[in-house]
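Me: I have a model open and I'd like to learn how to read it feature by feature. Can you walk me through it?

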Amino acid sequence: MSAEKIALVTGANKGVGLATARQLAERGLTVLLGTRDAEKGASAATELAEDGGSVRPVRIDIADAASVREAAALAERDYGRLDVLVNNAGMLIRKPAVEVTAEDMRPEFETNVFGLVRVIHAMLPLPRRSRSARIVNVASDSAMFAKTTEPGSMFARSHESFVYSATKAAVNMLTVKYANAFLDDPELAHIKVNAVTPGYVATDLNNFNGVRATEEGARASVHWATVGDDAETGGFFSDEGPMPW
Ligand SMILES: NC(=O)c1ccc[n+]([C@@H]2O[C@H](COP(=O)([O-])OP(=O)(O)OC[C@H]3O[C@@H](n4cnc5c(N)ncnc54)[C@H](OP(=O)(O)O)[C@@H]3O)[C@@H](O)[C@H]2O)c1
């Protein structure tokens, strides 16, 4: 097994994902830069490679099972394992809670929740073969019951993130359930899986209204992607430490 670590970051052509890919490459990992648009992937990979990173674009649309299977087959064929998987790709559609229909909920659940499970399920044979694998699931502050139930808080009053918040709360629960399942399976117990929140980061997702830079937003993902074997699993963290659920 080669000494270099192999990482896959989804949604890595821009925003927090691109900054995460850059920081992992700066730490010496070989980064498979996952994007659903091949051209955007190629230009982002070129940008990071110019800075000296070992980066390769990989097409992966997490809402498309065939695309996810193809990406897993490529990683299997060329590397035989994955040491790091950052489930970063995500989307937000704003619509007031009282106007949301069940149909309106499908795109965000398809990407943020089903897409994440689709990727983990297809990729799992690869971290299984790593000596010490890490999976990072990118959730959100808006996933937190602790903040959403705080009367008058920004989170209690952000009615337009109705579906998004529910998808990210699901991501948190799935993270805990995966962590428990891995711990109970001797072949998977070396995989640590944690959820992170990047904070409120200026990206396309929020029309660049966020207050943090993408470099800051990537820190929690990079930390939990590269933690040692004595680290926790099944937690939820910002770059400042544990977050309430
Ligand atoms: N920005 C924030 O304040 C904030 C706060 C909390 C959590 N987050 C989370 O952080 C993660 C990154 O978001 P961001 O802020 O960096 O947003 P962003 O700039 O909009 O980036 C989102 C990325 O996800 C990709 N993506 C969306 N659907 C996809 C699909 N079906 N398959 C593959 N890739 C897909 C996008 O690709 P395209 O370019 O092709 O659309 C893009 O690369 C998301 O999970 C988001 O929910 C962000």
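Reply: Happy to. A residue counts as near a molecule if its C-beta atom, placed from the backbone, lies within 6 Å of it. Keep in mind that this is a predicted model.

Me: How many residues surround the ligand, and which are the closest?

Reply: The ligand has 30 residues around it, and the closest are Gly11, Gly15, Ala89, Gly90 and Thr203. Two elements give two or more residues to that shell: helix 1 (15-26) and helix 4 (106-123). Helix 1 gives the most, with three residues.

Me: What is the mix of nonpolar, polar and charged residues in the shell around the ligand?

Reply: The shell divides into 14 polar, ten nonpolar and six charged residues.

Me: Now the inside of the protein. Which residues of the largest nonpolar core touch the most other members?

Reply: The general idea is that in soluble globular proteins, nonpolar side chains tend to be buried together. Here the largest nonpolar core has 63 residues, and Ala7, Ala21, Leu24, Val31 and Leu33 touch the most other members. Helix 1 supplies the largest share of this core, six residues. Take Val31 as a case to click on: leaving aside neighbours within four places in sequence, Val31 is in contact with Ala7, Val9, Ala21, Leu24, Ala25, Gly53, Ser54 and Val55.

Me: How do I read a strand? Which residues of strand 4 lie on each side?

Reply: In a regular strand the side chains alternate between the two faces of the sheet. In strand 4 (residues 84-87), Val84 and Val86 are on one side, Leu85 and Asn87 are on the other, and all are buried, so both faces are covered. Strand 6 (192-196) reads in a similar way: Lys192, Asn194 and Val196 are on one side, with Val193 and Ala195 on the other, all of them buried.

Me: And which strands pair with strand 4?

Reply: Strand 1 (residues 6-9) pairs with strand 4 in the parallel sense over three bridges, and Ala7 has Val84 as its bridge partner. Strand 4 also pairs with strand 5 (residues 134-138), again parallel, over four bridges. There, Leu85 is partnered with Ile135. Carry on and you find strand 5 and strand 6 parallel over five bridges, with Val136 standing opposite Asn194. Two bridges then join strand 6 to strand 7 (residues 236-238), also parallel, and Val196 has Phe237 as its partner in strand 7.

Me: Helix 4 has a kink in it. Where is the kink centred?

Reply: The kink in helix 4 is about 40° and is centred on Phe114. Buried residues of this helix include Glu108, Thr111, Asn112, Gly115 and Leu116. The buried residues of helix 4 pack against helix 3 (65-78), strand 4, helix 5 (125-128), strand 5 and helix 7 (162-183).

Me: Let's try lysines. Why is Lys168 classed as buried?

Reply: You count neighbours: a residue is buried if 20 or more other C-beta atoms lie within 10 Å of its own, exposed if 12 or fewer, and partly exposed in between. Lys168 is classed as buried because 25 other C-beta atoms lie within 10 Å. Lys168 sits in helix 7 and, not counting residues up to four places away in sequence, touches Asn112, Ala139, Ser140, Ser142 and Ala143.

Me: Why does Lys95 come out as partly exposed?

Reply: Lys95 has 17 other C-beta atoms within 10 Å, so it is partly exposed. Look for Lys95 in the loop between strand 4 and helix 4. Beyond residues up to four places away in sequence, Lys95 touches Val100, Asp104 and Glu160. Lys95 and His159 are 64 residues apart in sequence, yet 7.7 Å apart in space, C-alpha to C-alpha.

Me: One last feature, backbone angles. What is the phi of Asn207, and of Phe208?

Reply: Most residues other than glycine have a negative phi. Asn207 has a positive phi of about 50° although it is not a glycine, and Phe208 has a positive phi of about 60°. Asn207 lies in the loop between strand 6 and helix 8 (214-217), and Phe208 lies in the loop between strand 6 and helix 8 too.

Me: Are Asn207 and Phe208 buried or exposed?

Reply: Asn207 is exposed, with 9 other C-beta atoms within 10 Å. Phe208 counts as exposed because it has 10 C-beta neighbours inside 10 Å.

Conventions. Residues numbered from 1 in each chain as written. Predicted model: local features only at pLDDT ≥ 70, side-chain atom pairs only at ≥ 80, totals over all residues. Nonpolar A, V, L, I, M, F, W, Y, C, P; charged D, E, K, R; others polar. Core = buried A, V, L, I, M, F, W, Y, C linked by C-beta atoms within 7 Å. Contact = placed C-beta atoms within 7 Å. Pairing = 2+ DSSP bridges. Bend = angle between axes of the 7 residues up to and from the residue.
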